[in-house]
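I sat down with this one to look up where the rings and nonpolar side chains sit. Here are my notes, in the order I took them.

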Amino acid sequence: SVSMVIIGLAIYFFAQDIALFFNNPMVGPVLQVLAVYSIALQSYAIVNSILVALKMIKESSLGSNLQNLLKLVLTLGLLAALGANAIALAVAMAVSYLLAALYMIWETTKALKWTHIKEKISLASYAKMFKEVFPFGITITVAGIFSYFMTYIDRMLLSLLLVSDVNAQIGIYSMATTLAIVTILFGSTITNIFLPVVSELVGASNLEQLKKTSATALRWCLFATVPVTVFVIAFSGLILRMLYGAAYEPGWFVLALFSAGVFILQLGAVQRSILTGMRYIWIELIMTVAATIVNIIINVLLIPEYGINGAAAGGFFAFVTITILSQYYARKYAGFEIPKSIYANIFAGLVVLAILVGIQAATYGTLANLALIKDPANSIISLILNKTIIVGILSLIGAVGALAYLSLVNLLRLYEQEDAAIFRKIVRKTGLPDALVEKIAGLVFWG
């Protein structure tokens, strides 16, 4: 993450030179905005990693929630003050991450009591620690650079290989791929909670418990990710139209395919946590380099013919590559096998996807043109109210999909009794009476 901050600074100061290299001067200011956002994001990521390492999951979650709340408040405030433009959105995003990072630094400082450290550490101790950490850090840094490169190489190739309407197409592509990340937010939280547990089990050389815990974490990743992913894929065009306008709807295939790719990437997140806990960081570098090569090859082959859809295919197969390698190495070094119930879980997701696609086909014409609040002047209030109504309808449809998925999870018995016990513990943290907790758990897990 520190290296990403340095790269962000370099991009900021050399933005115009990069823009001239791609024969697109308009890209310069955009790159500077991207650089500021990247610096803010990576600063946030550094502090968040410290909190996760300290098992301060509550504080990490509070920081994440604070960032989302600040982003909403700042976006609304800046849009009202500056109007609807990219600068307002970019500033709101960057400042939200910076302020959240400051809160997390405060929490970290309290936990570590850095201001109260009196004892001195010998130079020899520093040298020993440096000798152990430096190769580890270099590998992570190089892998991070390749990961960053893999993330943005598609946009670079789009700017080089597209022949018309370049900026508009890249804009649509960027909004669609960014939105796809929403599908794994809950699953990523589970993975973050899981990593310190993995480190402890690896330290205790308890591989059997590690495999059992990993299987549980993978099931919960799917429980949290499948309903959101299938909904976004089924309603990708309508979601883009509702959030950004009809001009962005052509990015529906990008959003759908990238969401599927991100879901596949999430299938290997637990395996990557295992490998990280076992300190096989060099494998992360291998996976990132391989995925970057795959991404470049597919982009070069498909972008000239299929445009942004070809770029999305490159990202999809890059994610597939990472997950395949993650599972291969997790099996090789930890003996981890994907439980059969995971494949049945994916099947349940595909069934729900088919249901939602049918609902989308039947309702698209109505929802795309729905405007219950009539206002000839098209005021901001009427637009917000109409979008709120559509969001409400889509939320109901999403709930139907989630209930269908939950039913299949129970009918196909895709959970273990351990999952029901974990769910009870989560619900009890809300302070509800035990009798009510049992009733809620009985509604979710039928067995």
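Before starting, I fixed my terms: buried means under 20% relative accessible area, exposed means over 50%, and partly exposed is in between. I also kept in mind that this is a predicted model.

**Entry: a ring pair.** I looked up Y329 and found its relative accessible area to be 11%, so Y329 is buried. Y333 comes out at 25% relative accessibility and therefore counts as partly exposed. I saw that both tyrosines lie in helix 14 (residues 308-334), 4 residues apart, about one turn of the helix. I then counted the aromatic pairs and got 17. Y329 and Y333 make up a stacked one, with 6.2 Å from centre to centre and 10° between the planes. Which residues join these two in a cluster of ring pairs? I noted Y280, W282 and Y328 alongside Y329 and Y333.

**Entry: the cores.** I went on to the largest nonpolar core, which has 89 residues. The members touching the most others are L158, Y173, L222, F235, L356, L394 and Y405. I followed L394: leaving out residues up to four places away in sequence, it touches F231, F235, L238, M242 and L367. Another core of 11 residues lies apart from the 89-residue one, and includes Y44, V47, Y103 and M104.

**Entry: the surface.** Is F13 buried or exposed? I found a relative accessible area of 62%, so F13 is exposed. F13 is in helix 1 and belongs to a nonpolar surface patch with L9, Y12, F14 and V36. Together they have about 500 Å² of accessible area. Helix 1 (residues 2-13) gives the largest share of the patch, 3 residues.

How values were computed
Residues numbered from 1 in each chain as written. Predicted model: local features only at pLDDT ≥ 70, side-chain atom pairs only at ≥ 80, totals over all residues. Heavy atoms only, no water. Phe/Tyr/Trp six-rings, centres within 6.5 Å; stacked < 30°, edge-to-face > 60°. Helix = DSSP H or I, 4+ residues; strand = E, 2+ residues; numbered from the N terminus. Buried < 20%, exposed > 50% of the residue type's maximum accessible area, 1.4 Å probe, protein only. Core = buried A, V, L, I, M, F, W, Y, C linked by side-chain atoms within 4.5 Å. Contact = heavy atoms within 4.5 Å. Patch = residues over 30% accessible without salt bridge, like charges linked within 9 Å, V, L, I, M, F, W, Y side chains within 5 Å. Areas by Shrake-Rupley, 256 points an atom, 1.4 Å probe, with all protein chains shown as cover. Salt bridge = Lys/Arg side-chain N within 4 Å of Asp/Glu carboxyl O.
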